[in-house]
Amino acid sequence: WEPIGFLKVNVNRATDLVNVDNIGLSDPFVRVTLGTHMHQTKVIDNNLNPVWNASFSWDIYNLDQVVKFTVLDKDMFGEEKMGVAELHVQ
């Protein structure tokens, strides 16, 4: 299969995130998925207005694909979902 295109996604920042930590502030990061492929930003400790300035790219094989952005809080024993957004490649 040859790719039909190329997709570049920039994850710049978030503002006014809701704090989901019991102690201190959330430690947010973003997981970006396209099909079975995944990238994620670095974790920004104790920050509800994180700046990531991260770029990710994929080859596109199908215009029916969806890019999913999941904002997560990194905890000592795992992670907690803070929010989700989806973007259709079309």
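Thr41 counts as buried, because its relative accessibility is 5%, under the 20% cut-off for burial. The model is predicted. Thr41 is placed in the loop between β3 and β4. Leaving aside neighbours within four places in sequence, its contacts are Val11, Phe29, Val30, Trp52, Ala54 and Phe56. Two polar links involve the side chain of this threonine. A polar atom of the Thr41 side chain lies 2.9 Å from the backbone nitrogen of Val30. The side chains of Thr41 and Trp52 are joined by a polar contact of 3.3 Å. Thr41 and Val51 are 10 residues apart in sequence, and their C-alpha atoms are 9.9 Å apart in space.

The overall fold comes next. The chain has 6 strands and 0 helices. Along the sequence the pattern reads β-β-β-β-β-β. Taken along the principal axes, the C-alpha atoms fill a box of roughly 50 × 20 × 15 Å. Of the 90 residues, 30% count as buried. The exposed area of the chain is about 6100 Å², and carbon and sulfur atoms supply 50% of that area. Among contacts with a separation of 6 or more, 57% come from residues 24 or more positions apart.

Four of the strands form an open sheet in the order β3-β2-β5-β6, with antiparallel pairing. β3 (37-40) and β6 (78-88) stand at the edges. Each of these edge strands has a single partner, so one side of each is left without a neighbour in the sheet. Direction ignored, neighbouring strands of this sheet are turned by 20° against each other on average.

Within this sheet, β2 pairs with both β3 and β5. The antiparallel pairing of β2 and β5 extends over 7 bridges. Here Thr33 stands opposite Lys68 in β5. β2 and β3 also run antiparallel, joined by 4 bridges. In this pair Arg31 stands opposite Gln40 in β3. β2 and β3 form a hairpin with 2 residues between them. Gly35 lies in the turn and has a positive phi of about 65°.

A further antiparallel pairing joins β1 and β4, over 8 bridges. Phe6 stands opposite Asp59 in β4. The side chains of β4 alternate along the strand. Trp52, Ala54, Phe56, Trp58 and Ile60 point to one face and are buried. Val51, Asn53, Ser55, Ser57 and Asp59 point to the other face and are not buried. Such alternation between the two faces of the sheet is what a regular strand shows.

The largest nonpolar core has 16 residues. Those with the most contacts inside this core are Val11, Val30, Val32, Trp52, Phe56 and Trp58. β1 (5-13), β2 (28-34), β4 (51-60) and β5 (66-75) each supply at least two residues of the core. β4 gives the most, with 5 residues. Several of these core residues also appear around Thr41: its contacts include Val11, Val30, Trp52 and Phe56, and these four are among the core residues with the most contacts. Another of that group, Trp58, touches residues well separated from its own place in the chain. Not counting residues up to four places away in sequence, Trp58 touches Gly5, Phe6, Leu7, Val9, Val32, Leu34, His37 and His39. Of these, Val32 is itself listed among the core residues with the most contacts.

Two residues stand out for their backbone angles. Most residues other than glycine have a negative phi. Asp16 is not a glycine, yet has a positive phi of about 55°. Asp16 is found in the loop between β1 and β2. With a relative accessibility of 64%, Asp16 counts as exposed. Asn53 likewise is not a glycine and has a positive phi, of about 45°. Unlike Asp16 in its loop, Asn53 has its place in strand β4. Asn53 counts as exposed at 57% relative accessibility. Its side chain points to the face of β4 shared with Val51, Ser55, Ser57 and Asp59.

Definitions and conventions
Residues numbered from 1 in each chain as written. Predicted model: local features only at pLDDT ≥ 70, side-chain atom pairs only at ≥ 80, totals over all residues. Heavy atoms only, no water. Core = buried A, V, L, I, M, F, W, Y, C linked by side-chain atoms within 4.5 Å. Buried < 20%, exposed > 50% of the residue type's maximum accessible area, 1.4 Å probe, protein only. Contact = heavy atoms within 4.5 Å. Pairing = 2+ DSSP bridges. Axes fitted to C-alpha atoms, helices over the stretch in contact; angles between N-to-C directions. Polar contact = N/O pair within 3.5 Å; in protein donor to acceptor, adjacent residues only side chain to side chain. Areas by Shrake-Rupley, 256 points an atom, 1.4 Å probe, with all protein chains shown as cover.
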